[in-house]
Amino acid sequence: MAIKDFIRERFFPHIWCPGCGHGIVLNSLLRAIEKLGMSKNEIVVISGIGCSSRISGYVDFHTLHTIHGRALAFATGVKMSLPELNVIVPMGDGDALAIGGNHFIHAARRNIDLTAIVMNNRIYGMTGGQYSPLSGYGILATTAPYMNIDYAFDTVELATAAGASFVARSTTYHVQQLTKILRQAILHEGFSVVEVLSQCPTYFGRKNRAGSAVDMMEYFKNHTTPIGSKAKKDHPDLIERGVFVEKEMSEYCSEYDKIIEKAMKGRT
Amino acid sequence: MAKPKLKAHVINREWCKGCGICVHFCPKNVLELDDTDKVFAARRSDCICCKMCELRCPDLAIEIETEQDD
Ligand SMILES: Cc1ncc(C[n+]2csc(CCOP(=O)(O)OP(=O)(O)O)c2C)c(N)n1
Ligand code: SF4
Ligand code: SF4
Ligand code: SF4
Ligand SMILES: [Mg+2]
C-alpha cells in the first residue's frame with residue numbers, strides 16, 4: 001500500500017486508544033497526500049502537544065513536534081524561510097483554540113499559506129479529560145464534574161471571522177469527504193482551516209455516556225449535514241459539513257517578498 | 001471500469017486494536033472480531049471491495065487487495 005511509504009512503521013502500532021478518531025484523521029491525511037502526488041521532501045508536518053499532536057511522529061515527512069499551542073508559530077517560521085514547502089499543522093482543540101487561540105486567529109488574519117487541521121474531540125485527551133473551548137455547554141469533563149457552563153467556539157465561524165481564506169469541516173465518519181477537503185486545503189494558497197470532528201472514546205465518550213467509538217461516529221453521521229441542505233432547514237441543530245470559505249487573497253509570504261524588494265531598491 | 005475482484009483482506013493483527021469500526025460500518029457485514037478481538041473476514045464472498053473498512057481504520061490495520069490494484 002502506497003500510504004505505508006508515508007509512515008514511520010517502527011512506531012506502530014501507534015499510541016492512540018482503540019477507536020480514537022485521531023487515527024482516522026491520520027489515515028485520511030495520508031490518502032490526501034498520496035493523491036496529491038507530492039514528494040515527501042515537499043511536505044512539513046508541525047504539531048504542538050496533545051494526543052492529536054503525536055501525529056507528527058508517525059508520518060515520514062519533514063516533521064517538528066513542538067510545544068503546546070505554539071505549532072502555528074513554529075510553522076510560520078518554517079514557511080517564511082522556505083515558502084516553497086507545504087506546511088501542514090495538525091492541532092488538538094485545546095492546542096489550537098485554548099492556549100493556541102491567539103496564534104490561530106493571527107495566522108488566519110495574515111493569510112499565511114499553512115494548512116491548519118483542528119482535530120476536535122471537544123476535550124483535553126492527553127491530560128485526562130479536562131474541558132476545552134470546544135466542549136460546549138452541558139458537557140461533562142474532569143474539570144466540569146457537574147456540567148460545563150462555558151459555550152463553545154464555532155471553529156468555522158471563528159476562522160472565517162479571523163480572515164482564513166479556506167475554511168471547512170468534516171468528521172471521522174465522512175472519510176471520503178475528509179480526504180477530499182484535506183487535499184483541497186493543502187492545495188489552497190493561503191491560511192486553510194479544516195475542522196475534523198474526532199472521537200475520544202476514552203475521556204469525552206466515557207464522561208458523557210456517548211458510548212463506544214462506533215457510537216460516536218454514528219453520532220457524527222446522524223448529527224451533521226452538507227452545507228445548505230434541506231435537512232439543515234428542517235433541523236437547525238444539525239452541524240454543517242463541507243467547504244464554507246474558499247477565496248483568493250494575497251498570501252503573507254508573497255507580500256513579505258514585496259517588502260523585501262522595496263527595502264532593497266537602490267541597493268545591491 | 002470492471003468491478004474490482006477481491007484478492008484478500010490483508011489484516012495486520014499486530015496493529016488491529018479491535019475497535020470494531022470496520023465491523024460496524026461494513027455495508028455487507030463481512031467482518032467480525034475473533035475471540036482475541038482481532039478482525040477477520042467472516043463472510044469473505046460478500047465483500048464488494050468498497051474499501052470503507054480500510055479508509056476508516058484508525059490503526060491502518062486492514063487493507064483490501066483487489067486484482068485491479070496490481
Ligand atoms: C504550556 C503547556 N501547558 C499545558 C500543557 C499540558 N497539556 C498537554 S496536552 C494538553 C491539552 C490536550 O488537549 P488537546 O489539545 O485538545 O489535544 P488532545 O489530547 O485532545 O488530542 C495540555 C493542557 C503542556 N504540555 N504545555
Ligand atoms: S485519550 Fe482520547 S484523544 Fe487521547 S488517544 Fe485516547 S481516545 Fe484518543
Ligand atoms: S477498524 Fe482497524 S483497528 Fe478497528 S477493528 Fe477494524 S482493523 Fe481493527
Ligand atoms: S471492502 Fe467494503 S464490503 Fe469489503 S469488507 Fe471492507 S467495508 Fe466490507
Ligand atoms: Mg482535544
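Q: How far does a backbone N or O atom of A:Cys51 lie from an oxygen atom of ligand 1?
A: Keep in mind that this is a predicted model. A:Cys51 is among the closest of the residues around ligand 1. A backbone N or O atom of A:Cys51 sits away from an oxygen atom of the ligand by 2.8 Å.

Q: Which residue has a polar side-chain atom 2.7 Å from an oxygen atom of ligand 1?
A: Let's look at the polar partners of this ligand. A:Met126 uses a polar backbone atom, 3.0 Å from a ligand oxygen, so that one doesn't fit, because we want a side-chain atom at 2.7 Å, and polar contacts here are N or O pairs within 3.5 Å. The side chain that does fit belongs to A:Asp93.

Q: How much of the 590 Å² that ligand 1 exposes when taken alone does the protein bury?
A: There are 17 residues surrounding ligand 1, and they split into 6 nonpolar, 9 polar and 2 charged. Of the ligand's 590 Å², the protein buries 74%.

Q: Which helix gives the most to the shell around ligand 2?
A: That shell has 7 nonpolar, 4 polar and no charged residues. Among them are A:Trp16, A:His22 and A:Tyr203. With 3 residues, the top contributor is chain A's helix H8 (residues 201–207).

Q: At roughly what angle do the axes of helices H3 and H5 of chain A cross?
A: H3(A) passes H5(A) in a left-handed crossing. The contact involves A:Leu72, A:Ala73 and A:Thr76 of H3(A), with A:His103, A:Phe104, A:Ala107 and A:Arg110 on the H5(A) side. The axes come within 9 Å, and the crossing angle is roughly 35°.

Note on methods. Residues numbered from 1 in each chain as written. Chains lettered and ligands numbered in written order. Predicted model: local features only at pLDDT ≥ 70, side-chain atom pairs only at ≥ 80, totals over all residues. Heavy atoms only, no water. Near = heavy atom within 4 Å. Helix = DSSP H or I, 4+ residues; strand = E, 2+ residues; numbered from the N terminus. Nonpolar A, V, L, I, M, F, W, Y, C, P; charged D, E, K, R; others polar. Axes fitted to C-alpha atoms, helices over the stretch in contact; angles between N-to-C directions. Left-handed = near helix turned anticlockwise from the far one by under 90°. Contact = heavy atoms within 4.5 Å. Polar contact = N/O pair within 3.5 Å; in protein donor to acceptor, adjacent residues only side chain to side chain. Areas by Shrake-Rupley, 256 points an atom, 1.4 Å probe, with all protein chains shown as cover.
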